[in-house]
Amino acid sequence: MKIFAYAKKSRLSLRSLLFFVLLALQFQIFAQTEYEESLVQKANDLELYRDDYWLLLGHYKKSAFGYKSLIDGKDFFLAPDGRKNPKAELEATIRSFFEEAEKGKTHPTYKYTSRYKWLCNKLDIDKSRLPHDGDTEFEIIKKTLRVKSFYLVFPAAYINSPVSMFGHLFFLVESEDTPHLAGLSVNYGAIATDPPGILYAIKGIFGAYPGQYDILPYHKQITKYSYLDMRDTWEYRLKLTDDENDTMMRHIIEMSFTYSDYWFLDENCAYCILFPIEAARPETKLTDDPGIVVEPVQVIKQLDRLNLLDEVNYRPSLFSKMQYEKKFLTFRQKRFVKKVCFGKASVKDIPSKGMTAEEQANLWEFASDYLKYLLSDNKITQKEYQKRFLEVLSERNKIKDVESLAKNIPTPDSKPHSAHGSHMVTVGGGIDDKDAYAETKVRVLAHSLMDRDDGFSPNSQIEFCNASVRYNFSEKKFSLRYADAVNVISLPMYDTLIAKKGFLFRAGVEQNLYKDGKETLAGHFKGAVGISNFILPCTQAYVLVGGDSFFAPRYDYYTDILGGAEIGFITTVGIWKQKISGSIYQSPFEKEHTRFEATVEERLALGQNLTLNGFYSFSGDYRETKHSAGGSLRLFF
């Protein structure tokens, strides 16, 4: 009987204990809920949802109906209408911090690590009352990376690739006691399924690809840009404190969980890379007014004006390295290298007579670089590359204690942050076949052959939305001379070793003289290919062959098509630049429709963003000739 009585009493005790446990849990849950709601109320009382920093963390920008985030990933927002409702997103964020941690799932206090840090500071959140502290994961990342500095990395424009004409921007994470090449990079780029080309560029212009932040080994990025794409790289150290570096890293981690639609012209690598910097230094307002087009070079100039850039390092591309090494080789030696690299000669056949050990070292280093170039350009197979590279390396190792003549590649005087402004306005006038005129030109972006080359690929041209309006004094009327959607000229160096072809492409509308002696504003498309090289240290010559076409209803068959060629010489000496060119185009349908032009253009740079330009031309068509001359002042901004 005593046993039954004890059991009965025990059950009563267990029930009482369970009751008190449940009661305590209920009080704890109530207390937590009360604390959670007090934080939400405090945030609303402080109107943190209107705070510029909260809007920055969510990439919110003003729209016609309030605010809208530039982030397109739906999983980034905690509130159902969080993309357009900063207040709802703020409340949902605070409540998410009180969620229990789940195995295999990233807790919001780490996933939204930037929000977490900022809200903890603003609301004085007691972290001990949260079920999970996301700073534990962030501290692990911090200790692993040991971030010393961030560098803004600029792989320069590669004019022969339509998707690389403006260059690129990404971050290098410099760790303590770690060489740059062993570090990590943070890249924002389009996740594209199409190969680089016209379709890729068109889809990118219309935001058809998602853009994401990725963390990648830096040496892989350098291999891609310097060796495969042949693009020089510039590293700018950002002037940030240790705390600002931590803040940058937090925002990068936060953004790595989502994506935004990638637009090549504005919401691109150059624009989106600004958000982590602005998160670290919010007073800069870097993302407030991006403009119609955001270019990497202009972003670098903007950061330089704000005194955010410190030291700059130059990392030459494989192409630049070969160009420098090639200067120390004779024609016979270059021919020998080509034969060796294509398997038509043995390394033992080196024309070493009269060569110093330093010259031989340079020859073998050039041969090894040339083999890398041939492999990247699919001129030789991987098997051929490995066999010949080992042979070349073996010869170089025989004089391994000897330094090459081309060891120290000089840093170019022209640096990206010294580039002229991309936008341009021109005022000027002149005489066209005895008729005086005044003219103004505008260009949305970016660079022409006769502009200063500082910060751009030398003797290249890439212009978008370029137009000219002229007032003729004798006729007393205005006319649109031309309006180009795009006008691109690429003139890379061409020789028997590195056969890079140049090209020209132009599309828009232009005044065109027809056989009735009248000009008509017609659709205009021009394309040509050719070669270019230096004939003197300061003079580059080029030849382009192609076609010129115009389209208007008044033409026979609505078209005016010509084929022909152009030859030119571009000389640059300091602030002075000259271009002498001649062209001749012939219609295949009309013998008298032979269009020719000889032009001399002069440019004097008065400053980084101001040039004085002049020209003279003699031209003819349909057996009629004329002389033209003029001058202009160009302002870049």
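Begin by selecting strand S11, residues 435-447, which is where Ala446 has its place. In this predicted model, the peptide bond that joins Leu445 and Ala446 is cis, with omega at about 20°, so the backbone between these two residues is a good place to display omega while S11 is on screen.

Next, select strand S12, residues 461-472, and centre the view on Cys465, which lies within that strand. Cys465 is not a glycine, and yet its phi is positive, at about 55°. With a relative accessible area of 45%, Cys465 counts as partly exposed, because the partly exposed class runs between 20% and 50%.

From there, move to the loop between helix H15 (357-376) and helix H16 (382-397), where Asn378 is found. Asn378 is another residue other than glycine with a positive phi, here near 60°. Is Asn378 buried or exposed? Its relative accessible area is 68%, and Asn378 is therefore exposed.

Now select strand S7, residues 233-238, of which 5 of the 6 residues are buried. Bring in strand S3, residues 147-155, and the two strands can be followed as an antiparallel pair over 5 bridges; one contact to pick out is that of Tyr151, whose bridge partner in S7 is Arg237. Then add strand S9, residues 309-315, which pairs with S7, again in the antiparallel sense, over 5 bridges. On this side, Leu238 has Leu309 of S9 as its bridge partner. While the strands are displayed, it may help to recall that side chains in a regular strand alternate between the two faces of the sheet.

Helix H3, residues 86-96, is the next selection, and this helix is mostly covered, with 9 of its 11 residues buried. The buried residues of H3 include Pro86, Ala88, Leu90, Ala92 and Ile94, and among them are also the two glutamates Glu89 and Glu91, together with Thr93 and Ser96.

Finish with the cysteines, beginning at Cys269, which is buried at a relative accessible area of 4%. Why does Cys269 form no bond with the closest cysteine sulfur? That sulfur belongs to Cys272 and is 8.6 Å from the sulfur of Cys269, which is too far for a bond, since a disulfide needs the two sulfur atoms within 2.5 Å. A last selection is Cys120, which at 8% relative accessibility also counts as buried. Across the whole structure, the search for disulfides finds 0.

Methods. Residues numbered from 1 in each chain as written. Predicted model: local features only at pLDDT ≥ 70, side-chain atom pairs only at ≥ 80, totals over all residues. Heavy atoms only, no water. Buried < 20%, exposed > 50% of the residue type's maximum accessible area, 1.4 Å probe, protein only. Helix = DSSP H or I, 4+ residues; strand = E, 2+ residues; numbered from the N terminus. Pairing = 2+ DSSP bridges.
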